[in-house]
Amino acid sequence: MQTAIEFTPESFGQVLMLYVDCKVNGCPVKAFVDSGAQMTIMSQSCAERCHIMRLVDKRWSGVAKGVGTQAILGRVHLCQIQIGSAFLQSSFSILENQPMDMLLGLDMLKRHQCVIDLKKNKLEIGTTGTSTSFLGEVDLPEHARSNQLNSLGNDADQKMTEAQSRSTKQDKGKTPGSKASSSKTPQPASARPQFSEEAVTRLMSNGFSRNVVVEELQRCNGNVDQALAMLFSKSFSMP
């Protein structure tokens, strides 16, 4: 672990999700760019805020299935989205309980020949020849900010220091040829679940299995909103 901290310290930090600023019907929206999702979606609350619910074709209602299930209220067949200085035609499904306002899926990214350039931290739009920068941490939606992921309220530097200290103590306590104790070592507080059973039940009520919910909560350090957003995102991921 000490070697990893020394040579790849970035692996212990929080990776920011890829969001861009856009406008739908003149209303500002922070859209999550996800090339692993098959289709572009928008939450019902965002559609209402953008005043486009009248465009929803309810004949396309149904249930979205993936790692969980979610109600699809219908589909907007044609709507203009402004990303930077570019105006793009798009179609997307409206989901009832989607935590993210909007998710730009592979259908729209391919249609407009988009390139995710992580070196420049930009989304390149091939059909218009324009680009827009991905949002920094301070501009992300509340549920996506890395400082919301740590349920204990500690910053990353403090956590890394504590982890390094524990690792050093463990290494010093080892002697050549010594055998592992048969008694079970008490689980450190940092390794215990950082979420309640109520949080698990809340996420399971959206149609996700317990194992999937627990795994995502552990990955998100117990942040329920972040875990829910990731679970719904994976619901539309390609197999």
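This is a guided tour of the structure, moving from the whole chain to single residues.

**The whole chain**

Begin with everything displayed, and keep in mind throughout that the model is predicted. The protein has seven helices and ten strands, and 37% of its 239 residues count as buried. If you draw its surface, the accessible area comes to about 13,800 Å², with 51% of that area belonging to carbon and sulfur atoms. Among the contacts in the protein with a separation of 6 or more, 57% are made by residues 24 or more positions apart.

**The sheet β8-β9-β10**

Next, select residues 114–117, which are β8, and 130–133, which are β10, and add residues 122–125, which make up β9. These three strands form an open sheet in the order β8-β9-β10, with antiparallel pairing. The edge strands are β8 and β10, each of which pairs on one side only. Averaged over the sheet and with direction ignored, neighbouring strands are turned by 20° against each other. As general background, strands of a sheet pair through backbone hydrogen bonds, in either a parallel or an antiparallel way.

Now narrow the selection to β8 and β9, which pair in the antiparallel sense over four bridges. Which residue of β9 is the bridge partner of Ile116? Selecting Leu123 gives the answer, for this is the residue in β9 that is bridged to Ile116. The two strands β8 and β9 form a hairpin with four residues between them, and in the turn Asn121 has a positive phi of about 60°.

**Gln113 and Asn221**

Step back from β8 to Gln113, which sits in the loop between α3 (106–111) and β8. Gln113 is not a glycine, yet its phi is positive, at about 50°. Is Gln113 buried or exposed? With a relative accessibility of 52%, Gln113 counts as exposed, because the cut-off for that class is over 50%.

For another positive phi in a residue other than glycine, select Asn221, where the value is near 55°. Asn221 lies in the loop between α6 (210–219) and α7, and its relative accessible area of 22% makes this residue partly exposed.

**Helices α7 and α5**

From Asn221, continue to helix α7, which covers residues 224–235, and pick out Leu231 within it. Leu231 counts as buried, at 1% relative accessibility. If you add Glu216, which is 15 residues away from Leu231 along the chain, the distance between the two C-alpha atoms should read 7.4 Å.

Then select helix α5, residues 197–204, and colour Ala199, Val200 and Leu203, which are the buried residues of this helix. Where do these residues lie when you look down the axis of α5? They fall within an arc of 100°, so the buried residues line one face of the helix.

**Three buried positions**

The next selection is Asp34, in the loop between β2 (27–33) and β3. Asp34 is buried, with a relative accessible area of 12%. Leaving aside residues up to four places away in sequence, Asp34 touches Leu103, Leu104, Gly105, Leu106, Leu109 and Ser233.

Follow the chain from that loop into strand β3, residues 41–43, and select Ser43. Ser43 is buried, with a relative accessible area of 1%. Display its side chain together with that of Ser45, and you will find a polar contact between the two side chains at 3.2 Å. With residues up to four places away in sequence again left out, the residues that Ser43 touches are Ile94, Leu95, Gln98, Met100 and Asp101.

The last stop is Cys79, which is found in strand β5, residues 69–83. A relative accessible area of 7% places Cys79 among the buried residues. Which residues does Cys79 touch, not counting those up to four places away in sequence? Select Val24, Leu88, Gln89, Ser90 and Phe92 to see these contacts of Cys79. Finally, add Leu55, which is 24 residues from Cys79 along the chain, and note that the two C-alpha atoms are separated by 8.6 Å.

How values were computed. Residues are numbered from 1 along each chain as its sequence is written. This is a predicted model: local features need pLDDT of at least 70, side-chain atom pairs count only at pLDDT 80 or more; totals for chains, interfaces and linings use all residues. Side-chain values use heavy atoms; hydrogens and water are left out. Two strands pair if DSSP finds at least two bridges between them. Axes are lines fitted to C-alpha atoms, for helices over the stretch in contact, and angles run from 0 to 180 degrees between N-to-C directions. Buried means under 20% relative accessible area, exposed over 50%, partly exposed in between (1.4 Å probe, protein chains only). The arc is that of the directions from the helix axis to the C-beta atoms. Contact means heavy atoms within 4.5 Å. Accessible areas come from the Shrake-Rupley method with a 1.4 Å probe; for residues, only the protein chains shown count as cover. A polar contact is a pair of N or O atoms within 3.5 Å; within protein, one must be able to donate a hydrogen and the other to accept it, and residues adjacent in sequence count only if both atoms are side-chain atoms.
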